[in-house]
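Hello,

Here is the structure we talked about, with my notes below it. Please open it alongside this email as you read.

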Amino acid sequence: MPEEKPAAKGAPADKDATKPAPKEAPPQEALAEPPKEAPPEDQSPTTAEPTGIFLKKPDSVSVEAGKDAVILAKLNGKELPDKPTIKWFKGKWLELVSKSGARFSFKESHDPASDVYALELHIGKVVLGDRGDYRLEVKAKDICDSCAFKVDVEAPHQDAAGQTLESFKRSGERTREGKGELDFSGLLKKRQVVEEEKKKKKDDDDLGIPPEIWELLKGAKKSEYERIAFQYGITDLRGMLKRLKKAKVEVKKGSAFTKKLDPAYQVDRGNKIKLVVEISNPDLPLKWFKNGQEIKPSSKHVFENVGKKRILTINKCTLADDAAYEVVVKDEKCFTEVFVREPPVLIITPLEDQQVFVGDRVEMAVEVSEEGAQVMWMKDGVELTREDSFKAMYRLKKDGKRHILIYSDVTLEDSGHYQVMTNGGQCEAELIVGEKQLEVLQDIADVTVKASEQAVFKCEVSDEKVTGKWYKNGVEVRPSKRITITHVGRFHRLVIDDVHPEDEGDYTFVPDGSALSLSAKLKFLEITVEYVPKQEPPKIHLDFSGKTSENSIVVVAGNKLRLDVSITGEPPPVATWMKEDEVFSGTEGRVRIEKRADTSSFVIESAERADQGHYTIKVTNPVGEDMASIFLQVVDVPDPPEAVRVTSVGEDWATLVWEPPKYDGGQPVTGYLLERKKKGSQRWMKLNFEVFPETTYESTNMIEGILYEMRVFAVNAIGVSQPSVNTKPFLPIAPTSEPQHLTVEDVTDTTTTLKWRPPDRIGAGGIDGYLVEYCVEGSDEWIPANTELVERCGFTVKNLPTGARITFRVVGVNIAGRSQPATLAQPVTIQEIVEQPKIRLPRHLRQTYIRKVGEQINLVIPFQGKPRPHVVWTKGGAPIDTSRVHVRTSDLDTVFFVRQAARSDSGEYELSVQIENTKDTATIHIRVVEKAGPPEKVMVKEVWGSNALVEWKPPKDDGNSEVTGYFIQKADKKTMEWFNVYEHNRQTSCTVSDLIVGNEYYFRVYSENTCGLSDSPGVSKNTAWILKTGATFKMPKYKEHDFRTPPKFLTPLPDRVVVAGYATALNCAVRGYPKPKVVWMKNNVEISGDPKYLMNNYLGVLTLNIRRPSSFDSGTYTCRAVNELGEALAECKLEVRMPQ
């Protein structure tokens, strides 16, 4: 006989091991959760100190609404080549500089000693709308880095009696530019505040459930989950069950596994994961399978044995490791699934807008967070692929984390919006391609030279690559000893040395490939010397001379003016230059006089606007004098346009208005050139290549939600002015579309409750709230129902005239204004709607509701009916005892509550809901149970060999619950140490075998019901003495009982409605002997061979598990049990609904 291990006196023991008894042991703590996926080897469980640019990264903060928040960061200046450019973003694109001055302020400081930059972001009077993800971006020449952080806003705890007007406020200080942003957070209802608090608590703690409640759930029975959830206010029952299923590992007696795999595991690509099971016998062979194929040890798959634990480690997980895994020990298996998650690819450096000309080389580059990541290029919504690159003459290139789109020779067709998309974000930019137009920057000037002097013709064009030819009177000029033709950069020169009279003529420069032509004249000035023996009065040789004639000269500002005036007279006269009363006599400086024989030259270096005016030259000698007047006009580019402003914006357009410049430069303004750029960018993009004559321009093809700036240039015949002052940054934005599905939810004599859905298109401007308006039939006036915006999609309009027919409409409001209204198709009659009373009895109350003595009874039963019905509870036709039962009734439900249940609370309760003469009733059966009493009259009826027959009577008190079995123990009279014999014995007798010869035994029996074992056992009055020698036993004759029975379903299959994607199970119970064969069918077709279904039969309890059901799994499911005596069927309907 095997040696028995003793147990403590008075304690029942398990079959395999001793356990304390008879008192009910407290529930064991659930086994620890399976090990979660291990971090990668190169990762540390603790946060590492920031390296590189950031010495201190911004920390995520949580702040109460209405208070200030400060976010700090530090940069290492030693890693930066220049002073960095700092940008703060909310979300992906919204730059916070656009909100600077209202509630957002920024501070930067630099410590030269340590070369550390300190950055601060101040958010004043935080509102709930400030919650979200933020990003700090640092750029310095070719170095760029960014880091993200979160700002969480907690709703303030306000007194319920707070004034509504005090809750409405404006955030930020008043300034001249604006009155501050509107803050509606104080108007949120208390219910919304509670929801926000619950949501945060749910994020911080698993489903918002404290750890002690998890421990209670792990040790509780499945039938008690709903009670515990209701008692502790757990609303997400489905989430609780999924969380508990992962955490609670039940050890099945006699199983090869003491701890199985979780149903599923998740790991990021590139990390490693460990799958752990525990087996009952460390000597048992174990095999791992992946998708049915056995896994062999390798560097990829590592097997470990630690005691009874068997560990499979999968290193550097890839998408190929996303599969079903199976571990097999003997004939037992357990399964799991490993999901490999692709990490999101983030865009580090986005695309930038570019403006180029036809034939240029273009490279559009974007940098992502992962090397070798998949990136999709799109142009105007059409994907750019490598297969089409040969047709479109572009090339896609990957360089580490940089992805480049290259056009070697760009064309006009390549203009458009380009977009780069990854699984973690997207960015876009615009490419504008323009035709190259040759511009003349300096025209050829006429030249007048004397014999043997040098003539120089010079011009400047916009393109330094353009070549050209020189012509004289239509004949091409060739270089010679006297003629030199040069081309340096944008300048083209024709130099003629030792000018001869035959060199006089019209000279023209024609650029190659252009219709332009530049012309000038070469005049040959012959000098004749006459010897006059007598004196001559002075003479000025101009086209117009004399006191009353005038000659005009035009010069471009910045150019050099040299006015050579020939004078004659004997003796040589003296020339004097004057401007009004100012006499010029200097021979050096910007304005000077140069004297030569027979010539007086007036020179102005770099002409200015102030040089414009009337100039007089006066020559005198002893014989007489002469005077001539010249008007000098200085022309220049115009001043910049004034009052440049944006008057209106839309979803992707803006209207720009400006005033003409005050000074036109002496030439009429022919038009304007316009440019725009994104806020913070240094690259300006031209909006027009031809001059625009008007002073109002509509700019299109902008991206909604991006800040832009614009500027204007004025153009005249001289050139282009300096740019105007940039417009204030503006945001292309549009109102939302109209709200959707406006319906009437409820109508009373004075109120109407409306509900609707958010607009289909909200846009970058978001939505601030909704306005509800109504119009009485026969009137055209729309009356606002709410003076303050409503944030939720529902509103009750009050104080309406009874019996009136009223039409309602709702509009969405954001920073861009009101949306189009959503209007009810038919007017609503303001009149109370009578609704019949009806009780909506929960499913779990349609059968007997069982509770243990001392537990709470808390029943919530919803009902409907208008006006508010009269609710009455009775028990057995009599009013309920209000000293034990507490009832609370609202407009929508009634609550039945007993603090500590007693067996006297069992019975049949009736609930009636009545409106006038209409009534609806429901019956609830409540049964309060407790542990049964001990069995009676435990006796040893017969002893033979090493066997003893023990019999007893059922307990007098069954605890108001059926006795489900008995627990039997034995003890040797000498030691009185108790050992387990049988558990869950359903009969009132049992045969105890393998007793030791020569010993005398006592027996005791515990009764068992749904509450557990009885507190005390029934002990046998007599003993069983096993004789040593001479013992004979005569086998009594008896007729064998026929235990065979046909199959019969004890528990039917209930109809089920489940959500697609969530595993479900169909359960029923069958009885029959011989053990019936069970077949599962769907729509009368057997499904035993389908791996999607898992079928279990444990002691007659049948379970069909359906993994991840879809709409195709809906139908009628049948369970058929067959043995030699007959068969039985159980059917149910399964409906699979798609998630909303």
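The lining of the largest cavity has eight nonpolar residues, no polar ones and no charged ones. This is a predicted model, so please read everything here as computed. The lining residues are Ile 553, Leu 561, Leu 563, Trp 577, Phe 602, Tyr 615, Ile 630 and Leu 632. Two strands, β41 (561–570) and β47 (624–635), each give two or more residues to that lining. The space inside comes to about 50 Å³.

The search covered the whole structure and found two cavities of 30 Å³ or more. The second largest has a volume of about 30 Å³. Its lining is mixed: four nonpolar, two polar and three charged residues. To find it, select Asp 353, His 417, Glu 430, Arg 676, Met 685, Asn 701, Met 702, Ile 703 and Tyr 708.

Next, Pro 1047. Look for it in strand β81 (residues 1045–1051). Is it buried or exposed? Pro 1047 counts as buried, because its relative accessibility is 8% and the cut-off for buried is under 20%. Leaving out residues up to four places away in sequence, Pro 1047 touches Val 1070, Arg 1071, Gly 1072 and Pro 1076, among others. Its contacts also include Ala 1121, Val 1122, Asn 1123, Gly 1126, Glu 1127 and Ala 1128. Lys 1075 is 28 residues away from Pro 1047 along the chain, with 8.3 Å between the two C-alpha atoms.

Then the backbone. Which residues does a cis peptide bond join? One such bond links Tyr 1073 to Pro 1074, with omega at about 0 degrees. Pro 1074 sits in the loop between β83 (1064–1073) and β84 (1077–1082). Another cis bond links Lys 866 to Pro 867, with omega at about -10 degrees. Pro 867 is in the loop between β65 (857–866) and β66 (870–875).

Two entries on phi remain. Asp 115 is not a glycine, yet its phi is positive, at about 55 degrees. Asp 115 belongs to the loop between β6 (104–111) and β7 (116–123). Its relative accessibility is 21%, so Asp 115 counts as partly exposed. Ala 643 is not a glycine either, and has a positive phi of about 55 degrees. Ala 643 lies in a strand, β48 (residues 642–649). With a relative accessible area of 43%, Ala 643 is partly exposed.

Best wishes

Notes:
Residues are numbered from 1 along each chain as its sequence is written. This is a predicted model: local features need pLDDT of at least 70, side-chain atom pairs count only at pLDDT 80 or more; totals for chains, interfaces and linings use all residues. Side-chain values use heavy atoms; hydrogens and water are left out. On a 1 Å grid over the protein atoms alone, a cavity is a set of points where a 1.4 Å probe fits but cannot get out, and a pocket is an open set with protein on both sides within 12 Å along at least five of seven lines; lining residues have an atom within 4 Å of a point. Grid points are joined across faces, edges and corners, and a volume is the space filled by probe spheres set on the points. Helices (H or I, at least four residues) and strands (E, at least two) are DSSP runs, numbered from the N terminus. Ala, Val, Leu, Ile, Met, Phe, Trp, Tyr, Cys and Pro count as nonpolar, Asp, Glu, Lys and Arg as charged, and the others, Gly among them, as polar. Buried means under 20% relative accessible area, exposed over 50%, partly exposed in between (1.4 Å probe, protein chains only). Contact means heavy atoms within 4.5 Å.
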